[in-house]
Amino acid sequence: MTYNCSSAQLSIPSWYPGESAYGTKIDEKINCLLESKMDVTISAGRFAVSALFVLVTAVIFLQVEKFQHTPYMDEIFHVPQAHKYCAGNFTEWDPMITTPPGLYVMSVALIQPVSQLLQVEREDICTTHVLRMTNIFFAVMNFFVLDALYRRIHRDNRVSEGMLPSATAFNISIFPVLYFFSNLYYTDMGSTSFVLLAYLSSQYSNHFLAAIFGILSLLFRQTNIVWVVFLAGITFARLFERDAVKSQNQTKQMSKSYLSAVQAALNYALSVKNLRKIVTHLWLYALVVACFLAFVFINKGIVLGDKEHHQAVFNVPQLFYFFALTAGFAAPVLVSVEKVNRFLKTVKSNFGSWVIVMLMMVGAVHQFTYVHKYLLADNRHIPFYVWRKIYQQHWLMKYILVPGYAYAGWSMSDSLSVKSLLWKLTYVVCLIVACVPQKLLEFRYFILPFIVFRLNIPPLSRWQLLVEFVLFSAINGAMLYLFMMRPFKWEGHPGLQRFIW
């Protein structure tokens, strides 16, 4: 029997001696009361974690403002464009800006009620400092959405209750490549927020909201269309797998290999009786994709503004760079003696297959490595130093790293073993489409693929969470130190230059 832990239900007779005619029912009511107190403690803990995140984020933001209060890097384009929007000028556009105006529209939407409350003109408070606070808003939003999303994804696991999801959300929220930009006026925070909101809505089967948030995410970055397709893909996988459970033979067939899973999914999709169900769940995502394709046709490409330096290429090693970055940031999960031993055993038992895989990876590195001129010219970005200190040390380095890429990719797949083959295939396809066409090695392109991966692996132990927290905090601390305390000058350029992701 389930008890409602309310004061009325938990009223216990004063004469209760511990055992009575009520027997264990009263004991169960007492246990219910104790559990309710535990729930209050957990809620208080979640509040403490969220309050800590907000406090730390605000303190760091104020510190960064002291050292860099004027627009820096891409802000020299974003801030003036936002000023135009604050002034009501929505027609003038800087051709150097390659992303849609979602960031500026959101800033105006947040500033407008403040200007009315203070009874001042909107453009008077549309300063660089206030505009940057837009991303503080998104940073806090990300924490709460990640908490809710993690609980939903792992709802069948007991860890979805209690403090673990909040601690995990805290760690993911301070993922260094993303968290750094909560202090500047960039598009990354808002782009991530709306993709996560779309993901959360999709997990609750609210596909209308998911489509709306997907459209809003596209107003921050066009490449988010990949994650709209991802949501459609995993929604289809969820429908298919739910129905496939009813057929034991079909379940066995689709779990044998990726090819079997795809064949089973195609048979499911081509069945007339399933068509209405599929269309009902996916038509909104299809509509978003159709609108995006119309935009690409009208715009004659995905990129707004500076198209010349943002040409799509077949840069296969981008996938390998993502494996390496993920192995570094998710080292508490992906790198261990036990995993390395299992990887070596897997290679030994399937030696011929792994030789072919390695040779294909070497061929991809040799034939499809592209180096953008921005990567070699701008020494303010961390990828500049990664490329110079590692890849340019010797011509063989890009080939020597291939076994490391192979291990990282295998370890990621191993950590996602809890997901279905169809889910993993959807993720891999979207990962390839998101990364491979990019010519420039830019760690910010890896933010969403990393977060999706991190959300879907099995829950970490307390020690792993602690190590992850220390790792992320140390990297964030180092980056903020470099940005604030180690500026440098470019000859012939006014002002100080600072290190950035």
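Over which residues does pLDDT stay under 50, with 10 contacts beyond four places in sequence? That's residues 29-41. Here pLDDT is the predictor's confidence in each residue, from 0 to 100, and a contact means heavy atoms within 4.5 Å.

What you're looking at is a predicted model, where local features need pLDDT of at least 70, side-chain atom pairs count only at pLDDT 80 or more, and totals for chains, interfaces and linings use all residues. Residues are numbered from 1 along each chain as its sequence is written, and side-chain values use heavy atoms, leaving out hydrogens and water.

The chain's average pLDDT is 88, and 89% of the residues score at least 70. Residues 1-27, though, have a pLDDT below 50.

Now find helix H9, residues 225-244. (Helices are DSSP runs of H or I, at least four residues, numbered from the N terminus.) Of its 20 residues, 17 are buried, so H9 is largely enclosed by the rest of the structure; buried means under 20% relative accessible area with a 1.4 Å probe, protein chains only.

H9 leads us to the largest nonpolar core, which has 137 residues; Trp227, Phe230, Tyr427 and Leu455 touch the most other members. Such a core is a set of buried Ala, Val, Leu, Ile, Met, Phe, Trp, Tyr and Cys residues joined through side-chain atoms within 4.5 Å. H9 gives this core its largest share, 13 residues. Domain 1 (194-307) and domain 2 (311-460) both contribute residues, so the core lies between them; the domain bounds come from an automatic or database assignment. Zoom in on Tyr427: its contacts include Trp227, Phe230 and Phe322.

Conventions
Helices (H or I, at least four residues) and strands (E, at least two) are DSSP runs, numbered from the N terminus. The expected span of a helix is 1.5 Å times one less than its number of residues. Buried means under 20% relative accessible area, exposed over 50%, partly exposed in between (1.4 Å probe, protein chains only).
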